[in-house]
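Me: I would like to go through the labels attached to this model one by one, and ask in each case what supports them.

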Amino acid sequence: MTFMTVRKTARAGVVTLAAAALAATALAVPAQASTDASRGPAGHDATRRAMDASVKAGIPGITAQARDARGVWKAASGVGDLTTGAPRGVNDRYRIGSITKTFVATVLLQLEAEGRLDLDDTVEHHLPGLVRGNGNDGNKITVRRLLNHTSGLFDYLADEEYLNTYMRGDGYLKHRYDTLSPLKHVKVALRHPPLFAPGKKFSYSNTNYVLAGLILEKAGKRSYEAQVRDRIIRPLGLTATTNPGNGIHVPRPSSRAYSKLFAAQPDRIDDVTEMNGSQGWADGDIISTSGDLNRFYRALMRGRLLPPEQLKAMKTTGPSTGLPGMSYGLGIMKMRTSCGTTLWGHGGGMVGSLSWALTTEDGRHQLAYNRNGDWQRQAQDPVTEAEYCRS
């Protein structure tokens, strides 16, 4: 659910509890490719090697798809089930976490193009009385500031009580099936004062997108899930993409998801595949595939989902994220590889799942992939580097 930063957030705290290598690494198998157009130096051989290296470093498995001028390339490495040894699948569905935020921002920008809201509307205008207390003031926070993470609102996933109840150790195992409302997440965040005055800095906060989802529902007069489905999923034919609601399962085909929940037991790995989808919502609940994510970002960059004015606004980045080569627009991240390639997209982390979905600005080259373990987190991911720098 979180942006992949080095900032100490709740998800980062969960997934970096231990650095010990996966005891079951011996189950790893080399990447298997289908529809493989990767022969020669211009292909995907480097990407496959980077995937295998990720597995050798201790992650259970990884699945990926790339689209470029040569066509579609799919590959998977490692295992999808540590109990049975079944390999990861090239068509696996998985929880995409914060990649959901690009979907939400896209719908809000569509609503702006239709005149149903303005990016400079305040939170108070759409959600009167909700954001108040402890110095928080919805009159000073705009929709734009929610979408580009300059609101200053505390991230509910950094609240220690919430972490211990829903994200760590026995708390997670006990409460993973609980249904949580968006308003609960907002209330957790508002226990804390703002981090800074709205508009002054960047600080990634999942609270921003819970509020964005609530505004989306108010302005669009329909549920968040229905609008994402009817405005993005159906028009693009994203047949493997769903909002789980309060469901607990990931539809098949899919692999198991694994986490290291206990800091005091760094070698312990728990199966965390099942969890109530409402614990994510508009800040990170969508389930999808690498293929669907590539199709989504390709359509977005090529103007199929937004008029030019709104797409330009989405790609207008704000204050520094604090990470070299990375900046943030409206629900989308801009990054530069070591070889100078500029990419747009988003990362996503959930308990048991780490994902990236990236594209060149012209929409000609996409890459999306998922690890089914949450303890390998890097700002400059070697799989991305391998795909776009071919080394």
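The questions and replies below concern a predicted model, and they take up an overview, a helix pair, a set of strands and some backbone details.

Me: How many helices and strands does the protein have, and what share of the residues is buried?

Reply: The secondary structure comes to 13 helices and 14 strands, and buried residues make up 61% of the 391 residues in the protein. Among contacts with a separation of 6 or more, 71% are accounted for by residues 24 or more positions apart.

Me: Why are α2 and α13 called roughly antiparallel?

Reply: Helix α2 (residues 45-56) and helix α13 (residues 382-389) pack at an angle of about 170 degrees, with their axes 7 Å apart. Angles over 145 degrees count as roughly antiparallel, and α2 and α13 are therefore given that description. On the α2 side the contact is made by Ala46, Thr47, Ala50 and Met51, and on the α13 side by Pro382, Val383, Ala386 and Glu387. These residues divide into six nonpolar, one polar and one charged.

Me: What makes the span of α2 close to the expected one?

Reply: Helix α2 has 12 residues and reaches 17 Å from its first C-alpha to its last, which is close to the 16 Å expected at 1.5 Å a residue. Its buried residues are Ala46, Thr47, Arg48, Ala50, Met51, Asp52, Ser54 and Val55, and just after the helix Gly58 takes a positive phi of about 125 degrees.

Me: Why is strand β13 described as largely enclosed by the rest of the structure?

Reply: Buried means under 20% relative accessible area, and eight of the eight residues of β13 (residues 353-360) are buried, so the description of the strand as largely enclosed follows. Ser353, Ser355, Ala357 and Thr359 point one way from β13, whereas Leu354, Trp356, Leu358 and Thr360 point the other way, and all are buried.

Me: How do you know that β13 pairs with β12 and with β14?

Reply: Two strands pair if there are at least two bridges between them. Strand β12 (residues 342-350) and β13 pair in the antiparallel sense over eight bridges, and Gly345 has Leu358 of β13 as its bridge partner. With strand β14 (residues 366-371), β13 pairs in the antiparallel sense over six bridges, where the bridge partner of Leu354 is Arg371. The hairpin of β12 and β13 has two residues between the strands, and Gly352 in the turn has a positive phi of about 90 degrees. The hairpin of β13 and β14 has five residues between the strands, and there Gly363 takes a positive phi near 75 degrees.

Me: Why does Lys221 count as exposed, and why does Asn134 count as partly exposed?

Reply: Exposed means over 50% relative accessible area, and partly exposed lies between that value and the 20% under which a residue is buried. Lys221, with a relative accessible area of 70%, is therefore exposed, whereas Asn134, at 46%, counts as partly exposed. Each has a positive phi in a residue other than glycine, near 60 degrees for Lys221 and near 55 degrees for Asn134. Lys221 lies in the loop between α9 (206-220) and α10, and Asn134 is found in the loop between β5 (132-133) and β6 (136-137).

Me: What is the omega of the peptide bond from Arg252 to Pro253, and where is Pro253 found?

Reply: The bond is cis, with omega near 0 degrees, and Pro253 is found in the loop between α10 (224-236) and β7 (258-259).

How values were computed. Residues are numbered from 1 along each chain as its sequence is written. This is a predicted model: local features need pLDDT of at least 70, side-chain atom pairs count only at pLDDT 80 or more; totals for chains, interfaces and linings use all residues. Side-chain values use heavy atoms; hydrogens and water are left out. Axes are lines fitted to C-alpha atoms, for helices over the stretch in contact, and angles run from 0 to 180 degrees between N-to-C directions. Helices (H or I, at least four residues) and strands (E, at least two) are DSSP runs, numbered from the N terminus. Angles under 35 degrees count as roughly parallel, over 145 as roughly antiparallel, 65 to 115 as roughly perpendicular and the rest as oblique. Contact means heavy atoms within 4.5 Å. Ala, Val, Leu, Ile, Met, Phe, Trp, Tyr, Cys and Pro count as nonpolar, Asp, Glu, Lys and Arg as charged, and the others, Gly among them, as polar. Buried means under 20% relative accessible area, exposed over 50%, partly exposed in between (1.4 Å probe, protein chains only). The expected span of a helix is 1.5 Å times one less than its number of residues.
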